[in-house]
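Visitor: Could you take me through one part of this model slowly? I would like a close look at how a few helices pack together.

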Amino acid sequence: MTTRQVTWALAALALLGAAALSRFVSDLGDYPIDAAAPLDHLAAGNLSAFLADQPLMGVLSLLLRAPAVALARALDGDTLAEYRAGSFVCLAAAGALGVVLGRRIWARDATFAGAALVALLVVAGPVTYTALRLGHPEEPLGAALCVAAVLAARDRRPLLAGVLLGLALATKQWAILALAPAVLAAPASRVRLAGVAVAVAALLTLPPMLANLGDYMEMQKMAAGAGGRVFTQNLWWPFAPTLDRAVFDGVTTVTDTDRHLPGMLIRVPHPLLVIVGFALSALYWRRAGERQGLDPLALLALVFLVRCLLDPVTNDYYHAPFLLALLAWEVERRRGLPVQTLLASAAVWSVWRQVAMLDVPALTNAVYLAWALPVAVLLAVHAFGLPAPRALRAVRSRRGEPARA
């Protein structure tokens with residue numbers, strides 16, 4: 001196969017994967033209370049109502065989905081059909097990253113099977129399905145834009161990187177974590193990259209913000225606050241105090257025990273994870289002045305994994321940016337199948353779909369941290385050029401690999 005044929009084949013495969021996954025979804029999740037109303041306004045051409053109806057997410061995915069929603073409505077589709085059509089558009093756009101990564105596999109290994117697997121992982125991984133099932137197709141879109149921005153920056157394409165990063169910032173708030181890794185990935189023109197990103201994000205964000213500043217600020221407060229409750233899969237859970245509540249289950253009153261952050265800490269986690277993310281990027285910048293060849297994709301994956309570890313309400317689909325960054329890092333640094341990404345995807349799936357179903361919170365938390373913390377250490381080794389842990393050095397020695405990252 002020629003490179004052109006491979007490109008078209010990967011694009012077709014990504015589109016098929018996006019169509020199949022979108023068609024398979026039968027749940028609307030948060031869609032009716034989040035994106036549905038703004039999309040209704042856009043699909044009907046009512047721009048003033050759209051600007052006045054503030055969604056929690058950024059506007060980019062809404063602008064991309066609106067034509068598909070309008071088409072589904074014109075074909076007498078119901079709300080689920082409209083949601084599926086919009087989800088397909090988001091996944092199809094994210095699939096461009098799968099084509100890029102697949103082409104790199106093909107150029108290096110000349111194996112179409114590996115390239116096809118990588119393309120499908122971008123659009124049809126297990127956390128992508130969960131994101132769609134819970135009403136958030138914008139999550140894989142934002143994740144793909146962040147990873148693509150770092151790749152473009154590292155490939156000395158600062159203008160493209162800035163545009164992609166700006167689009168990511170206009171998709172989800174957590175994309176701010178990719179700003180420093182993308183800027184640091186560029187060997188030159190860093191100010192230009194950051195300026196373009198801010199300009200693109202502002203162009204898409206300022207109109208709805210200025211149209212209804214009060215509601216916009218209220219939505220940002222909701223995004224910044226954790227709400228108090230602590231889910232099981234994060235670093236907060238072992239230390240959060242328990243809270244017993246009387247809940248009527250439809251038959252009788254039962255005691256429901258949850259863990260909650262103290263009142264003074266409710267608004268701490270989300271700003272904290274941003275601060276930690278930028279602190280990791282600052283450490284990378286300092287280490288880059290001492291060592292050559294540090295890996296910005298490893299930094300990006302680490303920052304997104306730390307975000308999940310520090311978010312008290314982490315869901316499995318929150319790991320989509322981490323997994324896509326891990327996939328890109330693995331594609332760039334080693335031959336063969338992306339084993340580490342497959343194992344990490346399986347770990348996320350098993351924690352939420354298998355271990356959590358046992359209803360033993362301490363076990364769920366222990367299993368989650370048992371894989372997430374070592375992966376964070378591994379990424380830190382590669383991102384900062386640190387000496388590898390003894391166990392990792394032993395594995396590399398048996399494989400004939402160098403002991404340092």
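Guide: Here is a walk around helix 17 and its partners.

This is a predicted model, in which local features need pLDDT of at least 70, side-chain atom pairs count only at pLDDT 80 or more, and totals for chains, interfaces and linings use all residues. Residues are numbered from 1 along each chain as its sequence is written, and side-chain values use heavy atoms, with hydrogens and water left out.

For the setting, the protein chain holds 18 helices and 3 strands; these are DSSP runs numbered from the N terminus, with helices being H or I of at least four residues and strands E of at least two.

Let us begin with helix 14 (residues 296-310), which packs on helix 17 (residues 361-384) at an angle of about 150 degrees, the axes lying 9 Å apart. Axes here are lines fitted to C-alpha atoms, for helices over the stretch in contact, and angles run from 0 to 180 degrees between N-to-C directions. Helix 14 is therefore roughly antiparallel to helix 17, a label for angles over 145 degrees. On the helix 14 side, A298, L299, A301, L302, L305, C308 and L309 make the contact, where contact means heavy atoms within 4.5 Å. Their partners in helix 17 include Y368, W371, V375, L379 and F384. By class, this contact of helix 14 with helix 17 has 18 nonpolar, 1 polar and no charged residues. Nonpolar covers Ala, Val, Leu, Ile, Met, Phe, Trp, Tyr, Cys and Pro, charged covers Asp, Glu, Lys and Arg, and the others, Gly among them, are polar.

Now turn to helix 15 (residues 320-333), whose axis comes within 13 Å of that of helix 17 and crosses at roughly 45 degrees. That angle makes helix 15 oblique to helix 17. Here F322, L326, W329 and R333 of helix 15 meet W371, V375, L379 and H382 of helix 17. The residues of this contact divide into 6 nonpolar, 1 polar and 1 charged.

Several of these names return in the largest nonpolar core, where L97, L101, L305, F322, Y368, W371 and L379 touch the most other members among its 118 residues. Such a core is a set of buried Ala, Val, Leu, Ile, Met, Phe, Trp, Tyr and Cys residues joined through side-chain atoms within 4.5 Å, with buried meaning under 20% relative accessible area (1.4 Å probe, protein chains only). Helix 14 gives the most to this core, with 13 residues.

Note on methods: Angles under 35 degrees count as roughly parallel, over 145 as roughly antiparallel, 65 to 115 as roughly perpendicular and the rest as oblique. Buried means under 20% relative accessible area, exposed over 50%, partly exposed in between (1.4 Å probe, protein chains only).
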